[in-house]
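User: Please take a close look at the loop positions with unusual backbone geometry, and at the part of the fold that surrounds them. I would like one connected account, with a clear sense of how far it can be trusted.

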Amino acid sequence: RITAANMTTAWHMVPQVTQFDQADVTTLQEFINKNAEQVSRSGGKLTVTAILAKVCAAALKRFERFNASMDTAGQQLILKKYVHMGIAVDTPRGLLVPVVRDADQKSITQLAGEITDLAERARSKKLKPDEMEGGTFTISNQGGIGGVGFTPIVFWPQAAILGVSRTSIQ
């Protein structure tokens, strides 16, 4: 019910725009294959999502209007000086979005470890409420369920979201 209420608010408050595109991720997959074992020894799983978190964090510092929240009462965009990355996690109870704080200050290995930990705790009902608050941008990776594209809903009051689908050989 809470998710439904939040998504309904988001749908009505945030202009929803979707851009579909494809990218050659051959080099990305080679990077994952080369570094997965090292990241695993540190307690994380090197995934496309972890790498996207690092890339998006850098992009959000450069394109600050996407790292913002909307204040409808004051009719202004509030630019954030920090990057708190929401990571959408599919759980038996529905979609949860734990937040990796200060993602722009972490290595890919650190991000992979934290995302792995948050996702596991989200699925096992061990997240604390404050671990799902304060995100400035969200990544939703639906690669696990397949498909070639989808339209993610911006998580209010954030200004943007990145939705990615399954990688494939073409």
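Analyst: Asp102 counts as partly exposed because its relative accessibility is 28%, which falls between the 20% that marks the limit for buried residues and the 50% above which a residue is exposed. This is a predicted model, and in it Asp102 lies in the loop between β6 and α4, where it has a positive phi of about 50° although it is not a glycine. Most residues other than glycine have a negative phi, and most peptide bonds are trans.

A second residue of this kind is Lys125, which is not a glycine either but has a positive phi of about 60°. Lys125 is found in the loop between α4 and β7, and it counts as exposed because its relative accessibility is 60%.

The peptide bond between Trp156 and Pro157 is cis, with omega about 5°. Pro157 has its place in the loop between β7 and β8, the latter covering residues 161-164, and it is partly exposed, since its relative accessible area is 34%. Apart from residues up to four places away in sequence, Pro157 touches Ala68, Ser69 and Met70. Between Pro157 and Ile169, which are twelve residues apart along the chain, the C-alpha atoms are separated by 36 Å.

Trp156, the other partner in the cis bond, also leads to the start of the chain: Met7 and Trp156 are 149 residues apart in sequence, yet their C-alpha atoms are 7.8 Å apart in space. Met7 lies in helix α1, and, once residues up to four places away in sequence are set aside, it touches Ile153 and Phe155. Some care is needed here, as helix α1 (residues 2-13) has the lowest mean pLDDT among the elements of the chain, at 77, whereas strand β6 (residues 99-100) has the highest, at 98. Where pLDDT is low, the predicted coordinates should not be read in detail. For the protein chain as a whole the mean pLDDT is 91, and 100% of its residues reach 70 or more.

Turning from the loops to the interior, the largest nonpolar core has 28 residues, among which Met85, Val100, Ala103, Phe137 and Ile139 touch the most other members. At least two residues of this core come from each of α2 (26-41), α3 (48-62), β3 (85-87), α4 (108-123) and β7 (137-141), and α3 gives the most, with seven residues. In soluble globular proteins, nonpolar side chains tend to be buried together.

Met85 is a useful residue from which to view this core. Found in strand β3, Met85 counts as buried because its relative accessibility is 0%. Beyond its neighbours within four places in sequence, Met85 is in contact with Ala53, Cys56, Ala57, Leu60, Pro98, Val99, Val100, Ala103, Phe137 and Ile139. One of these partners, Pro98, is 13 residues from Met85 along the chain, and their C-alpha atoms are separated by 8.3 Å.

Helix α3 forms another side of the picture, for its buried residues are Thr49, Ala50, Ile51, Leu52, Ala53, Cys56, Ala57 and Leu60, and these pack against α2, β3, α4, β7 and β8. An α-helix has 3.6 residues a turn, so residues three or four places apart point the same way. At 1.5 Å a residue, the 15 residues of α3 should span 21 Å, and its end C-alpha atoms are indeed 21 Å apart, so the expected and modelled values agree.

In the chain as a whole there are four helices and eight strands, which follow the pattern α-α-α-β-β-β-β-β-β-α-β-β when read along the sequence. Of the contacts with a separation of 6 or more, 55% are accounted for by residues 24 or more positions apart. A compact globule of 170 residues would have a radius of gyration near 15 Å, and the protein chain has 16 Å, so the two agree. Along the principal axes, the C-alpha atoms fill a box of roughly 50 × 35 × 30 Å. Buried residues make up 35% of the 170 residues, while the chain exposes about 10,700 Å², of which carbon and sulfur atoms supply 54%.

Conventions
Residues numbered from 1 in each chain as written. Predicted model: local features only at pLDDT ≥ 70, side-chain atom pairs only at ≥ 80, totals over all residues. Heavy atoms only, no water. Core = buried A, V, L, I, M, F, W, Y, C linked by side-chain atoms within 4.5 Å. Buried < 20%, exposed > 50% of the residue type's maximum accessible area, 1.4 Å probe, protein only. Contact = heavy atoms within 4.5 Å. Expected span 1.5 Å × (residues − 1). pLDDT = per-residue confidence, 0-100. Rg over C-alpha atoms; globule rule 2.2 N^0.38 Å. Areas by Shrake-Rupley, 256 points an atom, 1.4 Å probe, with all protein chains shown as cover.
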